Amino acid sequence: MFAASSSTRGPLLCGALCGVLLALSVAGPVRGADDNALSVDEMVRQLKGGEAGAAGEARTRGLRPGAAAKGGSAAGPAGQTPSGSLSMRVQFDFDSDRLSPASHAVLQKLASALSSGELANYAFTVIGHTDAVGSAQYNRALSRRRAASVKAYLIDQGVQGSRIGAEGRGFGELLDPADPRSAANRRVEITATPR
């Protein structure tokens with residue numbers, strides 16, 4: 001086994017750390033790091049079905065393509081297939097459908113996106129998802145209440161109520177099935193369907 005002397009350990013360690021940092025910077029931003037990272041225009045592009053970011057890669061910090069984009073069963077009004085979706089971490093008070101003030105900024109940007117002229121001919125569905133803690137019946141009801149709460153907030157921000165539906169899926173479509181209790185599974189998905 002190679003034993004580095006104390007005079008060579010420093011440069012070796014520095015080189016290894018620099019290599020790791022370079023690899024991380026090439027890999028891109030940490031997903032889910034900041035729900036407010038997407039601009040209104042980026043939200044519009046994702047809802048229209050175009051997820052490409054500035055460098056041609058998916059740009060999804062905090063707002064990730066949801067279950068519909070990954071082959072899930074989300075359907076829009078009258079059974080139409082959505083053209084795009086956003087999966088958002090929206091914070092609620094514990095075991096409640098009351099929105100946390102921390103979610104207001106990202107939902108205000110979402111309301112601006114939904115009200116944009118580019119999405120004028122789209123209808124939207126707010127789909128609530130939960131983790132797998134608790135019964136299926138309880139989580140389905142909680143996810144419905146949370147989706148309805150997001151819908152009400154968006155309407156209060158000026159989005160036409162006739163263009164938004166709400167439904168709850170409970171823990172039927174886990175984003176992280178390997179960890180059913182993961183916070184990543186507690187999310188709200190927004191789908192857009194041309195009208």
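This section describes the fold, the central sheet, the helix packing and two buried helix residues of a predicted model.

The chain contains four helices and four strands. Read from the N terminus, these elements follow the order α-α-β-α-β-α-β-β. Of the 195 residues in the chain, 38% are buried. Among contacts with a separation of 6 or more, 74% join residues that lie 24 or more positions apart.

The four strands assemble into an open sheet of mixed pairing, in the order E1-E4-E2-E3. E1 and E3 occupy the edges with a single partner strand each, so one side of each has no neighbour in the sheet. From one strand to the next, the twist averages 20°. E1 (84-88) and E4 (187-194) are joined in the antiparallel sense over five bridges, and Met88 stands opposite Val188 of E4. Two helices are placed against this sheet. Helix H2 packs on the sheet through contacts with E1, E2 and E4, and its direction makes about 125° with that of E1. Helix H3 likewise touches E1, E2 and E4 as it packs on the sheet, its direction making about 170° with that of E1.

Strand E2 (residues 122-129) is largely enclosed by the rest of the structure, because eight of its eight residues are buried. In a regular strand, side chains alternate between the two faces of the sheet. In E2, Tyr122, Phe124, Val126 and Gly128 point one way, whereas Ala123, Thr125, Ile127 and His129 point the other way; all are buried. E2 pairs with E4 in the antiparallel sense over eight bridges, and the bridge partner of Tyr122 in E4 is Pro194. With E3 (residues 164-168), E2 pairs in the parallel sense over five bridges. Thr125 has Gly165 as its bridge partner in E3.

The helix packing can be described pair by pair. Two packed helices are described by the angle between their axes and the distance between the axes. For H2 (residues 40-48) and H3 (residues 104-114), the axes come within 9 Å and cross at roughly 60°. This angle makes H2 oblique to H3. The H2 and H3 crossing is right-handed. On the H2 side, the contact is formed by Val40, Met43, Val44 and Leu47, which meet Val106, Lys109, Leu110, Ser112, Ala113 and Leu114 of H3. By class, this contact of H2 with H3 comprises eight nonpolar residues, one polar residue and one charged residue.

Within H2, the residues Glu42, Met43, Val44, Gln46 and Leu47 are buried. The cover over the buried residues of H2 includes strand E1, H3 and strand E4. Gly49, just after H2, adopts a positive phi of about 110°.

H3 also packs against H4, with axes 9 Å apart and an angle of about 65°. The crossing of H3 with H4 is right-handed. In this contact, His104, Leu107, Gln108, Leu110, Ala111 and Leu114 of H3 meet Val150, Tyr153 and Leu154 of H4. The residues of the contact of H3 with H4 divide into seven nonpolar, two polar and no charged. Leu110 and Leu114 of H3 are thus listed in the contact with H2 and in the contact with H4.

Two residues of H4 were examined individually. Asn139 lies in H4 (residues 136-156) and counts as buried because its relative accessibility is 2%, against a cut-off of under 20%. Residues up to four places away in sequence being set aside, Asn139 touches Thr130, Asp131, Val133, Gly134, Gly170 and Phe171.

Ser143 is also found in H4 and is buried, with a relative accessible area of 0%. With residues up to four places away in sequence again excluded, Ser143 touches Gly128, His129, Thr130, Glu167, Gly168, Arg169 and Gly170. Of these contacts, Gly128 and His129 belong to E2. Ser143 and Phe171 lie 28 residues apart in sequence, with a C-alpha to C-alpha distance of 8.6 Å. Phe171 itself is among the residues that Asn139 touches.

How values were computed:
Residues numbered from 1 in each chain as written. Predicted model: local features only at pLDDT ≥ 70, side-chain atom pairs only at ≥ 80, totals over all residues. Heavy atoms only, no water. Axes fitted to C-alpha atoms, helices over the stretch in contact; angles between N-to-C directions. Parallel < 35°, antiparallel > 145°, perpendicular 65-115°, else oblique. Left-handed = near helix turned anticlockwise from the far one by under 90°. Contact = heavy atoms within 4.5 Å. Nonpolar A, V, L, I, M, F, W, Y, C, P; charged D, E, K, R; others polar. Buried < 20%, exposed > 50% of the residue type's maximum accessible area, 1.4 Å probe, protein only. Pairing = 2+ DSSP bridges.
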